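Hi,

Here's the structure I promised to pass on to you. Have it open while you read, and my notes on what turned up come right after it.

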Amino acid sequence: MKESNFYSDEFEQLIREKTEQYKMYPSEKVWKGVHNSLHTKRKWFIGTMAFLVGGILFFAGRELINPSVHPVLATKALAASDSGAALSKTPVPAVIRRSALTAYHSTNNATAITGRDISAGTGNEEAQDQSYKGITITLSHLVISQPDLSEFLSHAVRLPDEAPALTVIASKGNISADAVPAKVSEDALAHNIHGAGETGQKPGETERTVAAELADADASDGLNARSVLESLSEKGVQEARNSRLGHNLLARTRSASSTVSGGKVSDLSESRVSDSAAISANASATSIAEASDRERLTWLHDYAMYTLPSTARQPRTYLQLTLSPTINYRTLSGGDDGPGKFVPQAPVSPLHPGDAQRYVDHSPAIGFQVGGSVLYRVTRNLSIKGGLQFNFSQYKIRAYASNSPQQATIALSSYYGYIIDSLTSYTRVGNFGGRTQQTYSNDYYQLSAPVGFELRVLGNERLQFNIGATIQPSYLLNTNSYMLTSDYTGYTKEPSLFRRWNFSGGLEAFLTYKVGGVRLQAGPEFRYQLLSTYTTQYPINENLKGYGFKIGIVKELP
Amino acid sequence: MTEEAILQGCLKNEAAAQRELYNRYSPKMLAVCYRFAHNREDAEDMLQEGFIKVFSQIHTFQNKGAFEGWIRRIIVHTCINNLKKNKRFNESLDIVHAHGVQVREESVPSIVQAKQVVECIRLLPIGYRTVLNLYAIEGYSHKEIADMLDIEESTSRSQYTRAKQMLEDILIRKKILPKPREKSEWLVAIR
């Protein structure tokens, strides 16, 4: 490589010697560039965590701005959807329509008008079509086979939101179909028609049976129609109670109906009701009224149980978003407290004995914390929580800048505190003197996962006073910090001596105030880093601490 | 930390060992880069790229030579590759007669300082400077230089001869070197 006469030329030798003596000190960004390109796993970690936090904040913000459907309504919609899917392919309204179930019976005809009226017998195809919303179908001359119809409608008639205004009119004359509507729920008749398929009957057969039944009712006193419609109500209640409470009542109603009509309903389709039966029916009007009362009581019971939204039950999970401006500082420890006393991790400063705290000029600075947590209410007053939090903390250093770099030695100690090695670098930041006085900042960017509890101490549902505590495993995302050299004469940067994983503890007390669907909170907090900022190799311990004022918003999760 | 410990740590991708290696050699290597580069920023970019190569290829170091020499070769090659990306640099290698360099004469003779010599080298045209750096300071042969720079060996020789002459002239004008008749006495005096 080298030519033989290289050193023969004195001029070349001089140039070589002088250039070899020359040294330049690169800026810190060169090492950062090298370090970042060599340790890309950290970048992935930071990117992943940033994505995670961003995602949480995005969904949390979206939930606050545009809340999802109330759980009670969602449950109703789901239930309606399920039953509708089982019986019909048409979409079922999520909210139960209010309707008054009114039954009229006459000797000539019976009419049921729903939200969409159905005219039976106008065509089997129409009856099968489930997409005929708005079509008016009028039931005329209906003869209903009560057991069959009850079976069909047991799936269909939903519990109305209003108590059935059941009116029994024992009339011998014809009643206009339009003048005496009988309102049932919209789904009832739809399912009635559709239900024919479920029981193996053709729709046409069902309608024929209904028509025949009501035709037979022409000659009766009308109680057949009444009992049938009453049975509709009963079966609707029974359905709403999940076939638990209505069995007895249905049996009684059927019994009463049989008594009134003088036998099975199917028998009525083959013979007209005698005058004596009509008389006995009139005589039993009192018992019908009692049955009506029982029905209303049953309805009230079921309405309270299944329809009224639950009120007292509180949700257990909450989303909490917080922001805290903080004042950050640190505690420094590690030093020779006295002659002959062995202090682990003691710095090696022959010229400046004692704690490092005495030789530095530091001051607090402002930082912040932002994060989100999920709270789970264990008891009425106690909640546990876990989440993610980003922490930016810093404090200021008063030091001196100089033009010429000076050697900066950092002693490295073993686990037991003995000095075993040293790191040497160069710095232009002096602790005791230099060209100009400068203020430097020690910045720390941490991601932590607070896990802890909140305890309600005082207050009611609207205004509360709480205390809380957390333990926070944290990861140092980045730092721009100066470390004190071992002889305390300067500051240098040595990222490899920073502890990446750490633990912090947090204490807080806050007031919460409930406004609408959210709860606002504000109060002081204190955060202390439990382990030193530096690894155990660095002889000086630094524990960061922050005093903050946390403000937050809490919203229940669906 | 011993060099062996640093090497072992770097092989394990330990940040502390890498930092120690960097702290130990980066001042010298930045000076090398500075002699090739246009300015300090370019030099730092070259240094960063060079050290990334050092750490990523450290497993190829076979302990047969000096560790510093191995690092230095990587840094120099990185500098040359960076220079070759510059069109002006490639053109400058073909210029046989460089334009005269304006050098202000110093009124007072000064002590020869390393920085002065380096700054004088940087006054040379880029083509001259590169060949001078590679041959006189880094110790490459003209054949190696010709291969590295994709030029003829004769071109490398002529460039070096002119570069040396020009540098000497600059040093004399700046009173860093004595005039030829005083040269031998001066060389003795400065050592």
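**Where the two chains meet**

Let's begin with a helix crossing: α2(A) passes α3(B) in a right-handed crossing. The two helices pack at an angle of about 35°, with their axes 9 Å apart. From α2(A), the contact uses A:V30, A:G33, A:V34, A:S37 and A:L38, while α3(B) brings B:E44, B:L47, B:Q48, B:F51, B:I52 and B:F55. By type, the residues of this contact split into 7 nonpolar, 3 polar and 1 charged. To find the helices in your viewer, look for residues 28–38 of chain A and residues 40–56 of chain B. Do keep in mind that this is a predicted model.

Now zoom out to the whole contact between the chains. Chain A puts 32 residues into it and chain B puts in 34. On the chain A side, the elements that supply two or more residues are α1 (10–21), α2 (28–38) and β5 (419–430). Which of them gives the largest share of that side? That would be α1(A), with 8 residues. The side of chain A that touches chain B is made up of 13 nonpolar, 10 polar and 9 charged residues.

**Chain B: helices**

How many helices and strands does chain B have? The count is 10 helices and 0 strands, so reading along the sequence just gives α-α-α-α-α-α-α-α-α-α. Of the 191 residues in chain B, 38% are buried. If you take the contacts in chain B between residues at least 6 apart in sequence, 64% of them join residues at least 24 apart.

Helix α8(B), residues 142–149, is a nice one to try yourself. Its buried residues are B:H142, B:I145 and B:L149. Looking down the axis of α8(B), you'll see these buried residues fall within an arc of 60°, so they line one face of the helix. Some background helps here: an α-helix has 3.6 residues a turn, so residues three or four places apart point the same way. Just after α8(B) comes B:D150, which takes a positive phi of about 60°.

Another spot to check in chain B is B:N13, in the loop between α1 (3–11) and α2 (15–36). B:N13 isn't a glycine, yet it has a positive phi of about 60°. Is B:N13 buried, exposed or partly exposed? It has 14 C-beta neighbours inside 10 Å, so B:N13 counts as partly exposed.

**Chain A: helices and strands**

Chain A has 13 helices and 13 strands. Buried residues account for 35% of its 558 residues. Among contacts in chain A with a separation of 6 or more, 74% come from residues 24 or more positions apart.

β13(A), residues 541–556, is a good strand to follow, with two pairings to trace. With β2(A), residues 317–333, it pairs in the antiparallel sense over 14 bridges, and there A:L319 has A:K555 as its bridge partner. With β12(A), residues 518–529, the pairing is also antiparallel and runs over 11 bridges; A:G523 stands opposite A:K550 here.

A:K555 comes up again when you look at A:G516, which sits in the loop between β11 (501–515) and β12 of chain A. A:G516 and A:K555 are 39 residues apart along the chain, and their C-alpha atoms are separated by 9.9 Å. A:G516 counts as exposed because it has 7 C-beta neighbours inside 10 Å.

Next, find β7(A), residues 451–459. It pairs with β4(A), residues 382–413, in the antiparallel sense over 5 bridges, where A:S383 stands opposite A:E454. β7(A) also pairs with β8(A), residues 463–480, in the antiparallel sense over 8 bridges, with A:R456 opposite A:N466. A hairpin of 3 residues joins β7(A) to β8(A).

Last stop: A:Y488, in the loop between β9 (483–484) and β10 (490–492) of chain A. A:Y488 is not a glycine, but its phi is positive, at about 65°. Is A:Y488 buried or exposed? There are 21 other C-beta atoms within 10 Å, so A:Y488 is buried.

Have fun exploring!

Note on methods:
Residues are numbered from 1 along each chain as its sequence is written. Chains are lettered from A and ligands numbered from 1 in the order in which they are written. This is a predicted model: local features need pLDDT of at least 70, side-chain atom pairs count only at pLDDT 80 or more; totals for chains, interfaces and linings use all residues. Two residues are in contact if their C-beta atoms, placed from the backbone, lie within 7 Å. Helices (H or I, at least four residues) and strands (E, at least two) are DSSP runs, numbered from the N terminus. Ala, Val, Leu, Ile, Met, Phe, Trp, Tyr, Cys and Pro count as nonpolar, Asp, Glu, Lys and Arg as charged, and the others, Gly among them, as polar. Axes are lines fitted to C-alpha atoms, for helices over the stretch in contact, and angles run from 0 to 180 degrees between N-to-C directions. A crossing is left-handed if the near helix is turned anticlockwise from the far one by less than a right angle, and right-handed if clockwise. A residue is buried if 20 or more other C-beta atoms lie within 10 Å of its own, exposed if 12 or fewer, and partly exposed in between; C-beta atoms are placed from the backbone. The arc is that of the directions from the helix axis to the C-beta atoms. Two strands pair if DSSP finds at least two bridges between them.
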